[in-house]
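Colleague: I've got this model open and would like a close look at a single part of it. Could you pick one spot and walk me through what sits around it?

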Amino acid sequence: MASPDLMVVPSSWQVGRFPFGRPAALMGVLNATPDSFSDGGRHLDPVTAVASARVMQEAGAAWIDLGGESSRPGARPVPTEIELRRVLTVLSALRRSGIDLPLSIDTCKPVVARAALDAGADAINDITGGSDPELLALAAERDCPLFLMHMRGEPGSMQDAPSYGSVVDEVEAFLETRLRRAEAAGVDASRVVLDPGIGFGKRPEHNAALLRGLPRLGRNLGRPLLVGVSRKSLIPALSGQNLPPGERDPASHVLHALLAPHCALLRVHDLPGAASALRLAAAVRCEEA
Ligand code: HH2
């Protein structure tokens, strides 16, 4: 058998009708919430949400990720009717105004996912990694792309002293298991994109180990990777600079430029800034180590 270093690792995939490849494309975050950790309140208003999505589209976004429930550390679940109202208001405004970018619905509730798919969403982004069999059954029924993320615990308590033996081994094993569970539920594995869940039940050193381990995760899992570091608290924790979320874009873009060769999709808040960072990185990327 070839040694892992000699194995051919795919650098492009077709996920349903959507191309994924490395270096990464960009997914713009639209949080239709009052309380998201960095942009809470901005995109509850459909007019503002459409304007932001247009900026993302013009800057070259490949995807929009729309959510109606914050998953920041300490967040409480939002009642289904409220989450539904938030996301459907913004989603129908986006589609009415001609924003036709591929869109994932960031939810773990099957009812919300189903309604969003009916209203024109293209994919499900599940931060619980497919914990709910009903959500997996829905993804199988619709044959849509399914983004499965690793989280330790749940948002309300996930940052209460998370600990791991080897975080990269454990996240890899979790994602492998969840990929198999999705397959067993009827989801075609070629529809699945995997995400190590930066900031979800992890301390700064766990996040750093996972980011360093992305090439290995990509190689061993054999699926495209989605990664979200934008504005997250690993930035002040690892840089030693105590910045509030609204001032973390430049540092986020340093990470985006570094991570782009190792994943297929980067989930970002400031899409024009991230696009510039990726262009700059691509212009100077060395061909050989
Ligand atoms: N991060 C957040 C939410 N959803 N989904 C995936 N697949 N990966 C992520 O890293 C990820 C995610 C958290 O960021 P944000 O949506 O900006 O904040 P909030 O959860 O407070 O709305």
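Modeller: Sure, and keep in mind that this is a predicted model. Let's start with T33. Leaving out residues up to four places away in sequence, T33 touches G40, G41, L44, G67, G68, E69, S70 and R86. You'll find T33 in the loop between β3 (25–31) and α1 (46–58). With a relative accessible area of 1%, T33 falls under the 20% cut-off, so it counts as buried. Its side chain also has a partner closer along the chain: a polar contact of 2.6 Å joins the side chains of T33 and S36.

Now step across to E69, one of the residues that T33 touches. E69 sits in another stretch of chain, the loop between β4 (63–67) and α2 (80–96). Two polar contacts are worth clicking on here. The side chain of E69 reaches the side chain of K109 in a polar contact of 3.0 Å. A polar atom of the E69 side chain also lies 2.6 Å from the backbone nitrogen of V78.

Both of those partners turn up again in the wider set of neighbours. Setting aside residues within four places in sequence, E69 is in contact with T33, P77, V78, E83, R86, C108 and K109. R86 is a handy one to display, as it's on the list for E69 and also on the list for T33. So if you want one view of this part, put T33 and E69 in the middle, as the two touch each other, then add S36 beside T33 and K109 beside E69.

Conventions:
Residues are numbered from 1 along each chain as its sequence is written. This is a predicted model: local features need pLDDT of at least 70, side-chain atom pairs count only at pLDDT 80 or more; totals for chains, interfaces and linings use all residues. Side-chain values use heavy atoms; hydrogens and water are left out. Helices (H or I, at least four residues) and strands (E, at least two) are DSSP runs, numbered from the N terminus. Buried means under 20% relative accessible area, exposed over 50%, partly exposed in between (1.4 Å probe, protein chains only). A polar contact is a pair of N or O atoms within 3.5 Å; within protein, one must be able to donate a hydrogen and the other to accept it, and residues adjacent in sequence count only if both atoms are side-chain atoms. Contact means heavy atoms within 4.5 Å.
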